[in-house]
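Let's take a friendly walk through a protein model. Keep the picture open beside you as you read.

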Amino acid sequence: MSAEGQNFDVAVLGAGPAGAEAAIAAREAGLTVTLIDEQSRAGGQIWRAPFFQPEQEEIRKSPDLADGERMRERLANSGAKTLFGHRLWFAAPSLSLSTVAADGPHWMSARAFVIAAGTTERIVPMPGVTLPGVVGLAATTILLKAHGVIPGGRVLVAGVGPLVYSVAAGICQAGGSVAAVVDLSRPSEWLAHLPALAGRPDLLWRGLKWAFALKTAGVPMRFGHTVTAIEGDTRVKSARIARVDASWQPLEQIEQIDVSCVSIGHGLTPATETARLIGVPHSFQAALGGFVPELHADRATALPGVYIAGDCAGISGAAAAQLSGRLAGIRAAFDLGALDAVEFERRAGPVRAALKRADRFGQAISSLMTVRPGLAQAMPRETVVCRCEDVTRAEIDRAVLAGACDVNQLKSTTRCGMGPCQGRICSEAAGDLVAIASSRTRTCAGQWTARAPLRPLTVSELVGAYEYDDIPKITPLPG
Ligand SMILES: Cc1cc2nc3c(=O)[nH]c(=O)nc-3n(C[C@H](O)[C@H](O)[C@H](O)COP(=O)(O)OP(=O)(O)OC[C@H]3O[C@@H](n4cnc5c(N)ncnc54)[C@H](O)[C@@H]3O)c2cc1C
């Protein structure tokens, strides 16, 4: 077991585009910086480092891999102390932080804390979603990028947003088989966002290349459709798909497709557990992916010394995440006295302007992915919503009928959200269902109260190996 109590000027959570850039910006201002991430290398989700050594040719062909390699090199040269393989499990408003790693617990303190914790994938549950062979759309990118693995057999790729096309094209290009692409959006909805998307022609071009790859591979496309059920005994055998109305309520059942894998996702939700635990106020904004922290100028918050950057402050994509991280790092440096007002403005001004443009692109994508109420409304009663605790929609409806009016009361009565994933997978679906059943707004249905540990951990990871007899026991008072 090891422990330490180092002090840093700036601690950053998350080594994705936002956190890595915040760390680099704070180092450029001469501050001591530590960067914490549970992954073994920097890159976050989009720039995830592969577990295999990529060939130069692979790096050249993959913009995400090339961007990730560039960022990892800049970070390595920055002088920031990186704590990879560290899970942050506690953060106090005094900015003392506790992590656990393979060699045991660590703690540290900082004068400023930049939270850049990224997102959680959102999947609106449907019958059969827990069958082996169903994998999240964003999780599929991890298989492809980090492990060089394609999902087995005939894959149905379904959901909403650009990840549908990135994953389907990625599977085709890696030699896999895509049975069909099922997109909740219609072409007219993509076209309506074209002016905002055209602000980043490089990213728009990347999307067009995915569409072209799918067309060349002859993949059938179903626009304005959803998966209503996934079927099979011990693993996926087929999926049912249906057309949807404007609220994404499925219409008639139109097609059953034989597949061995379903890669499905309904956008992303900001990962707010750290910001909530430390006490930053949040509010619900559907177009930004759910509950988001309330931000002051340049990514500062109501809590002195706490800054929030990247997708955990609202889904806006990697380009905006990187710029918001840089702004948070510069702002923290200014607030700590490492930059004077003139130098602060010189560094922050161009970043603010570029961030505005990147946000416009990111928020167009995010609004395209905003989940509409029809999906939750149509969810059959037997659908498992909390897969850790096996809680169905019928049990959620019953709990609301019995008086539960927010997700925390739901949790107390059903254990929904109390499993090992700590509610990260079911939180949005549970909140939507509570809002629907209680005829209240999503704001009223609320969020789970954030609790330490932020990541699952065992007692022995914290205190080392122990026997039951080692635990001090209180002797009961006589009589
Ligand atoms: C699984 C997944 C895959 C995705 N793939 C893509 C993709 O291929 N293309 C795309 O455009 N977008 C993708 N996205 C969206 C993507 O997250 C962002 O647009 C972009 O990566 C945001 O950058 P960020 O720095 O805000 O967060 P991220 O890149 O998500 O980085 C956040 C980092 O924080 C770390 N972290 C969070 N909490 C803790 C904790 N308690 N302890 C230790 N470490 C912690 C995480 O390990 C992660 O590395 C994906 C999202 C997910 C969830």
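Our tour starts at Pro 453, which lies in the loop between α16 (442–445) and α17 (459–463). The names come from DSSP runs numbered from the N terminus: helices are H or I with at least four residues, and strands are E with at least two. A cis peptide bond joins Ala 452 and Pro 453, with omega at about 0 degrees.

A word on the source: this is a predicted model, where local features need pLDDT of at least 70, side-chain atom pairs count only at pLDDT 80 or more, and totals for chains, interfaces and linings use all residues. Residues are numbered from 1 along each chain as its sequence is written, and side-chain values use heavy atoms, leaving out hydrogens and water.

**Two loop residues**

Leu 95 has a positive phi although it is not a glycine, and Asp 390 has a positive phi without being a glycine too. Are they buried (under 20% relative accessible area) or exposed (over 50%), with partly exposed in between, using a 1.4 Å probe and protein chains only?

| Residue | Phi | Loop between | Relative accessibility |
|---|---|---|---|
| Leu 95 | about 70 degrees | β4 (87–91) and β5 (96–101) | 3%, buried |
| Asp 390 | about 55 degrees | β20 (384–386) and β21 (391–392) | 53%, exposed |

**A sheet and a helix across it**

In which order do the strands of the open sheet come? Five strands line up as β8-β15-β9-β10-β11, with parallel pairing; two strands pair if DSSP finds at least two bridges between them. β8 (134–136) and β11 (221–223) stand at the edges with a single partner strand each, so one side of each has no neighbour in the sheet. On average, neighbouring strands are turned by 20 degrees against each other, direction ignored.

β8 pairs with β15 (residues 261–265) over three bridges, and Val 134 stands opposite Val 262 in β15. Helix α4 (residues 137–147) lies across β8, β9 (154–159) and β15, running at about 90 degrees to β8. Such angles, from 0 to 180 degrees, are taken between N-to-C directions of axes fitted to C-alpha atoms, for helices over the stretch in contact.

**Two packed helices**

Helix α13 (residues 393–401) packs against helix α15 (residues 427–438) at an angle of about 50 degrees, with their axes 9 Å apart. The contact (heavy atoms within 4.5 Å) involves residues including Ile 396 and Val 400 of α13 and Leu 433 and Val 434 of α15.
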